[in-house]
Amino acid sequence: MNQYYGFYPGKINSVNRAKRTAMVEIVPFTDGLDEGIEATFAYPLSHDDKDTELEILNGADVYVFFDQGDPMCPVIFSYRSHGEGAVIDYRRIRQTNIELYAKKNIKLDAKTIDITGLEAVNIHSATLVNVISDTKVNVAAPMVSINGM
């Protein structure tokens, strides 16, 4: 059996979220196969697929390797670079649900922080919520309730 080492350019045709696999096109290996071949994903450390799901888009350009060189074991390793026309100065996370867990603190530090909730923005604390400003605090709402009143 032939063995194939290295990284090969591929394209994701479809994703099976439940199985954590994708049908991937890898030229010339999948020539003549409309759907491509089924491949697994190599997740980076700290992205255990039993604890988190990364949104993978159909049509994504990726690199694929074959585990131990075995052409029957394709593994999607990473996205391919697109060079010119790629987004600059943004890191976007797209997912149906996003949860952040910190053992001690979460700090957001930016010139402006915008939080938009289409239905609600909830802040919960077991003991204390502080709002601190060096100048002023604006509250703009058609109705303001304090302690349910």
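Colleague: What makes E1 and E2 count as a pair of strands, and in which sense do they pair?

Modeller: In this predicted model, E1 and E2 are joined by 5 bridges in the antiparallel sense, and because a pair requires at least two bridges, they qualify. One of the contacts along this pairing is that of Asn 16, whose bridge partner in E2 is Thr 21. The two strands form a hairpin with 4 residues between them, and Arg 20 in the turn has a positive phi of about 60°.

Colleague: How many bridges join E2 to E3?

Modeller: There are 4 bridges between E2 and E3, and the two strands run antiparallel; with at least two needed for a pair, E2 and E3 therefore pair as well. Within this pairing, Val 24 stands opposite Ile 37 in E3.

Colleague: How do you know what confidence to attach to these strands?

Modeller: The mean pLDDT of the chain is 91, with 99% of its residues at 70 or more. Among the elements, strand E5 (residues 74-79) has the lowest mean, 95, and strand E2 (residues 21-25) the highest, 97.

Colleague: Why is Phe 66 called buried or exposed, whichever applies?

Modeller: The relative accessible area of Phe 66 is 4%, and because buried means under 20%, Phe 66 is classed as buried. Phe 66 belongs to the largest nonpolar core, which has 12 residues in all and includes Tyr 8, Val 24, Phe 41 and Ile 76. Strands E1, E2, E3 and E4 each give two or more residues to this core, and the largest share, 3 residues, comes from E4. Leaving aside residues up to four places away in sequence, Phe 66 touches Tyr 4, Tyr 8, Ile 26, Phe 29, Pro 71, Cys 73 and Pro 74.

Colleague: What makes the ring pair of Tyr 4 and Phe 66 stacked, tilted or edge-to-face?

Modeller: A search of the whole structure finds 9 aromatic pairs. In the pair of Tyr 4 and Phe 66 the ring centres are 6.0 Å apart and the planes stand at 55°; since the centres must lie within 6.5 Å, and angles that are neither under 30 nor over 60 degrees count as tilted, the pair is tilted. Tyr 4 lies in the segment before E1 and Phe 66 in strand E4, so the pair ties together parts that are 62 residues apart in sequence.

Colleague: What class does the pair of Phe 29 and Phe 66 fall into, and why?

Modeller: The centres of Phe 29 and Phe 66 are 5.1 Å apart and the angle between the planes is 70°; because over 60 degrees counts as edge-to-face, that is the class of this pair. Phe 29 lies in the loop between E2 and E3, so its pairing with Phe 66 in E4 ties together parts that are 37 residues apart in sequence. Ring pairs link Tyr 4, Tyr 8, Phe 29 and Phe 66 into a cluster.

Colleague: Why is Ser 46 buried, partly exposed or exposed?

Modeller: Ser 46 has 70% relative accessibility, and as exposed means over 50%, Ser 46 counts as exposed. Ser 46 is in the loop between E3 and E4, and its phi is near 75°, a positive value in a residue other than glycine.

Colleague: What makes the peptide bond between Val 27 and Pro 28 cis or trans?

Modeller: The omega angle there is about 5°, and the bond is cis; Pro 28 is found in the loop between E2 and E3.

Note on methods
Residues are numbered from 1 along each chain as its sequence is written. This is a predicted model: local features need pLDDT of at least 70, side-chain atom pairs count only at pLDDT 80 or more; totals for chains, interfaces and linings use all residues. Side-chain values use heavy atoms; hydrogens and water are left out. pLDDT is the predictor's confidence in each residue, from 0 to 100. A nonpolar core is a set of buried Ala, Val, Leu, Ile, Met, Phe, Trp, Tyr and Cys residues joined through side-chain atoms within 4.5 Å. Buried means under 20% relative accessible area, exposed over 50%, partly exposed in between (1.4 Å probe, protein chains only). Contact means heavy atoms within 4.5 Å.
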